[in-house]
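Here is a brief report on how two chains pack together. Please look over the sequence and the structure first.

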Amino acid sequence: MTAAGIPIRPAARPVATRRPRLGARLSRAVLPAYTLLAVIYLFIPIVVMMAFSFNNPRGRQNITWQGFTVQNYFDVWSRSDITGPMTSSLIVAATATVLATVLGTLIGLALTRYEFRGRGPLNLLIYVPLATPEVILGASLLSLWVSAGVQRGLLTIIIAHVMFNVSYVVVTIRARLAGFNRSLEEAAMDLGANEWATFRKITLPLIMPGIIAAALLAFVLSIDDYVITLFVAGQTRTFPLWVYGASRFGVPPEVNVLGTLIFVVAFVLIVVQILWARRRASIEQALAKEVK
Amino acid sequence: MPRRLRWLTPYLFLLPGGLWLTAFFVLPMLVMASISLQEGSLSSGYRLTWNFPIYAEVITEWTTQFVRSIWYAAAVTVLTLLIGYPMAYTIAFRGGRFKNILLLLVILPFFTAFIIRTLSWKLILSDNGFVLGTLKDVGILEPAFRVLATPVAVIGGLTYNFLPFMVLPLYVALEKIDRHLIEAGSDLYASRRQTFLRVTLPLSMPGVFAGSLLVFIPAIGDFINADLLGSRETTMIGNIIQRLFVQTNAYPEAAALSFVLMAAVLVLVALYARFVGAEELTRG
């Protein structure tokens, strides 16, 4: 975007004003067509998952189309073998999201707003987990619990999920804080607000979109995690673990139902978050103008 | 807080998260390092014997799977780059007001569980499923033709699952490029191909670098795709680590194998960084 909307682009050369040749127009269509195809490719398994949530299979295998039904959407709630693991997953994801978001936001604030010694080792501590294959994160945690003789279960799953999510939260918050305007905070302090009041009334609301985005990411990563969870779960079954186990004998359509519902909920949440962030951005701009 | 203690504030902010990562990332790594050098069994207990030869043993025993994992992950990185670059380019330069919607469409499929997505591919690719089955009935394909349980299925599944990790950093890098530089290229009579090769592509290299790492690292350690879409002939190193740890409880071997994998990743990443000149890339 150019400042004040003045186009800096030089006046179009005569070539550009002529109607492009058919070949040129076709070649301009190649990239959008390609992208459209790629997006369709991304949605193929999702559409299949959704379609088979309405299948009415005979026997345990839900792999060929047998007939349309919405019964699965009612049956799923009475299948405790599915809702149990789903509940575990939700408990883990909710707890891990809250903890990881708080811990990660604090680190993000410290990194972007304070000067301190020891940034190098801290960066290492945050980025190395992101660069470590999940299987190794899971394996090392299992090593810890086995050596310490700790019983594995819901608690060890939550601990692991907080661990891998903290780094993601820090990275997200940091990206959002990079363009943070401190003049509003300074204005509040000038007007006599103490540090805590400034943080609560000014800083926190301003960085809220970043925090929400980070929390959403953490929740999604947590509820989806299979690899690390497998190592630290003990006898506890989260939803991905249960689905994986069930896939050996045939996945019932109720799994597709839950997959579809999660997809729809995530979709709605993201759209709401984007709209909200957009509204906040415009309010922020207006506020910043006032302060100047 | 009193003024003379103010320097403590950032450390207080860092303390809880830092402790968590130390206790549940650094400490487990140290424990795993110690386990890799122990001998014994689950029933009789383990003793630290500084058994370094185990590293050589696991490397020779699982060379095939190591080589296979590296080659699969490299293939997946190249494929996601080939599929993802034109996508990211189109969204960044031609997206217009659909930019955000297109980006959303790229990440949206990934809000369905990894497991369910991969099982969905298994269903699509299955030997007598609605795709291959129909093609076989019509006579386009041989009855014996199969995709599932082949390297193609595993690499395809990995490519699908990690594609957004390539597209997003590429998009960020391409979006950042100053459009005037590209216009300058055409003003100086460079053809569109020359402008792309000499201006756009070099400037997007940070994205290529970041995307490649974000795809290569999870791909080399993955075992879900090989497990669900592959066969015994497509076993990756992640499958071995998982099997040794979770099923056979061969902890020292599994721990040693994990560190060899981690070392392999670090070495390959360092080589790659040197190859594309990461020092220059990360400076900007």
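The sections below cover the core, the chain contact, three helix pairs and two loop residues.

## Model and core

This is a predicted model. Its largest nonpolar core holds 141 residues. Seven of them touch the most other members: A139(A), A160(A) and M163(A) from chain A, with A88(B), A219(B), I241(B) and L257(B) from chain B. Helix α7 of chain B, residues 151-176, gives the most to this core, with 14 residues.

A160(A) has contacts in both chains. Leaving out residues up to four places away in sequence, A160(A) touches L141(A), I228(A) and V232(A), and also F24(B).

## The contact between chains

Chain A puts 66 residues into the contact, and chain B puts in 67. On the side of chain B that touches chain A, helix α1 (residues 9-36) gives the most, with 18 residues. By class, that side of chain B has 50 nonpolar, 13 polar and four charged residues.

## α4(A) against α1(B)

Helix α4 of chain A spans residues 80-113. Its axis comes within 8 Å of the axis of α1(B), and the two cross at roughly 140°. An angle over 145 degrees would count as roughly antiparallel. The pair falls outside that range, so α4(A) is oblique to α1(B). The crossing is left-handed.

The α4(A) side of the contact is L103(A), G104(A), L106(A), I107(A), L109(A) and A110(A). They meet P10(B), F13(B), L14(B), P16(B), G17(B) and W20(B) in α1(B). By class, this contact has ten nonpolar residues, two polar and no charged ones.

## α12(B) against α13(B)

This pair lies within chain B: helix α12 covers residues 237-247 and helix α13 covers residues 251-276. Their axes come within 8 Å and cross at roughly 155°. The two helices are therefore roughly antiparallel to each other. Their crossing is left-handed.

From α12(B), the residues in contact are I237(B), I240(B), I241(B), L244(B) and F245(B). Opposite them in α13(B) are Y251(B), E253(B), A254(B), L257(B), S258(B) and L261(B). Nine residues of this contact are nonpolar, one is polar and one is charged. I241(B) and L257(B) also appear among the core residues that touch the most other members.

## α6(A) against α13(B)

α13(B) also packs against a helix of chain A. That helix is α6(A), residues 134-148. The angle is about 145°, with the axes 10 Å apart. Here too the crossing is left-handed.

I136(A), A139(A), S143(A) and V146(A) in α6(A) meet Y251(B), A254(B), A255(B), S258(B), L261(B) and M262(B) in α13(B). This contact divides into eight nonpolar residues, two polar and no charged. Y251(B), A254(B), S258(B) and L261(B) also take part in the contact with α12(B). A139(A) is one of the core residues that touch the most other members.

## Two loop residues with positive phi

Y189(B) is not a glycine, yet its phi is positive, near 65°. Y189(B) sits in the loop between α8 (179-187) and α9 (192-203) of chain B. Is this residue buried or exposed? Y189(B) counts as exposed, because it has 7 C-beta neighbours inside 10 Å.

N249(B) also has a positive phi, near 55°, in a residue other than glycine. Its place is the loop between α12 and α13 of chain B. N249(B) has 12 other C-beta atoms within 10 Å, so it is exposed. The cut-off for exposed is 12 or fewer.

Conventions. Residues are numbered from 1 along each chain as its sequence is written. Chains are lettered from A and ligands numbered from 1 in the order in which they are written. This is a predicted model: local features need pLDDT of at least 70, side-chain atom pairs count only at pLDDT 80 or more; totals for chains, interfaces and linings use all residues. A nonpolar core is a set of buried Ala, Val, Leu, Ile, Met, Phe, Trp, Tyr and Cys residues joined through C-beta atoms within 7 Å. A residue is buried if 20 or more other C-beta atoms lie within 10 Å of its own, exposed if 12 or fewer, and partly exposed in between; C-beta atoms are placed from the backbone. Helices (H or I, at least four residues) and strands (E, at least two) are DSSP runs, numbered from the N terminus. Two residues are in contact if their C-beta atoms, placed from the backbone, lie within 7 Å. Ala, Val, Leu, Ile, Met, Phe, Trp, Tyr, Cys and Pro count as nonpolar, Asp, Glu, Lys and Arg as charged, and the others, Gly among them, as polar. Axes are lines fitted to C-alpha atoms, for helices over the stretch in contact, and angles run from 0 to 180 degrees between N-to-C directions. Angles under 35 degrees count as roughly parallel, over 145 as roughly antiparallel, 65 to 115 as roughly perpendicular and the rest as oblique. A crossing is left-handed if the near helix is turned anticlockwise from the far one by less than a right angle, and right-handed if clockwise.
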